[in-house]
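Student: Hey, can we look at this one together? I'd like to get a feel for how its strands are held to each other.

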Amino acid sequence: EEMGPVRRAMRVPVEGFARIKPLGSRRQRVVGVYDMSRTGIAIVDSEPMASGEQFNVLFERRDKRPIEVMCSARHSRRQGEAFIIGAEFGVSWLSAVSAAMI
């Protein structure tokens with residue numbers, strides 16, 4: 001029996017959307033947010049992502065530039081017509097938010 005990814009932090013379900021920007025690309029796209037934790041995010045996209053592929057998630061802020069947090073894809077799994085992509089933050093998103101507020 002194959003085990004799924006090891007959970008290192010509690011996941012919090014999220015309903016909403018985020019913009020992502022693959023590293024090395026100027027194009028952004030909107031994806032669904034499946035859940036988040038202290039260490040990562042799961043997004044819903046129309047295409048799978050290779051393990052190790054990197055992208056920035058852009059967290060919008062009112063009247064300020066968005067906070068960009070680098071992520072590395074860890075796994076993709078099909079869910080109906082879409083894919084759920086689990087990714088690990090390159091830094092703590094709390095650290096990124098704190099740094100952006102200073």
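**Strands and salt bridges**

Tutor: Sure, let's start with one pair: Gly16 has Val33 in β2 as its bridge partner. Keep in mind that this is a predicted model.

Student: OK, so how do β1 and β2 pair, and over how many bridges?

Tutor: They pair in the antiparallel sense, with 7 bridges between β1 (residues 12-22) and β2 (residues 29-36).

Student: What about the hairpin of β1 and β2, how many residues are between the strands?

Tutor: There are 6 residues between the strands, and Gly24 in that hairpin takes a positive phi near 85 degrees.

Student: Which strand does β1 join through 4 bridges?

Tutor: That's β4, residues 54-61, and β1 and β4 run antiparallel. In that pairing, Phe55 in β4 stands opposite Pro22.

Student: Switching topic: how many salt bridges does a search of the whole structure find?

Tutor: The search finds 4. One of them is between Glu60 and Arg19, where the closest N and O atoms are 2.2 Å apart.

Student: And what does the pair tie together?

Tutor: Glu60 is in strand β4 and Arg19 is in strand β1, so the salt bridge ties together parts 41 residues apart in sequence.

Student: Why do side chains like that pair at all?

Tutor: Side chains of opposite charge can pair when their charged atoms come close.

Student: Is Glu60 buried or exposed?

Tutor: Glu60 counts as exposed, because its relative accessibility is 51% and the cut-off for exposed is over 50%. Its partner Arg19 counts as partly exposed at 26%.

Student: Which side chain meets Lys21 in a salt bridge?

Tutor: That's the side chain of Glu68, at 3.7 Å from N to O. Glu68 lies in strand β5 (residues 64-79) and Lys21 in strand β1, so this pair ties together parts that are 47 residues apart in sequence. Glu68 counts as partly exposed, at 34% relative accessibility.

Student: What about Asp45, which side chain does it meet?

Tutor: Asp45 meets Arg29 in a salt bridge, 2.7 Å from N to O. Asp45 is in strand β3 (residues 40-45) and Arg29 is in strand β2, so the parts tied together are 16 residues apart in sequence.

Student: And is Asp45 buried or exposed?

Tutor: Asp45 counts as buried, because its relative accessibility is 7% and buried means under 20%. Arg29 is partly exposed, with a relative accessible area of 27%.

Terms used: Residues numbered from 1 in each chain as written. Predicted model: local features only at pLDDT ≥ 70, side-chain atom pairs only at ≥ 80, totals over all residues. Heavy atoms only, no water. Pairing = 2+ DSSP bridges. Helix = DSSP H or I, 4+ residues; strand = E, 2+ residues; numbered from the N terminus. Buried < 20%, exposed > 50% of the residue type's maximum accessible area, 1.4 Å probe, protein only.
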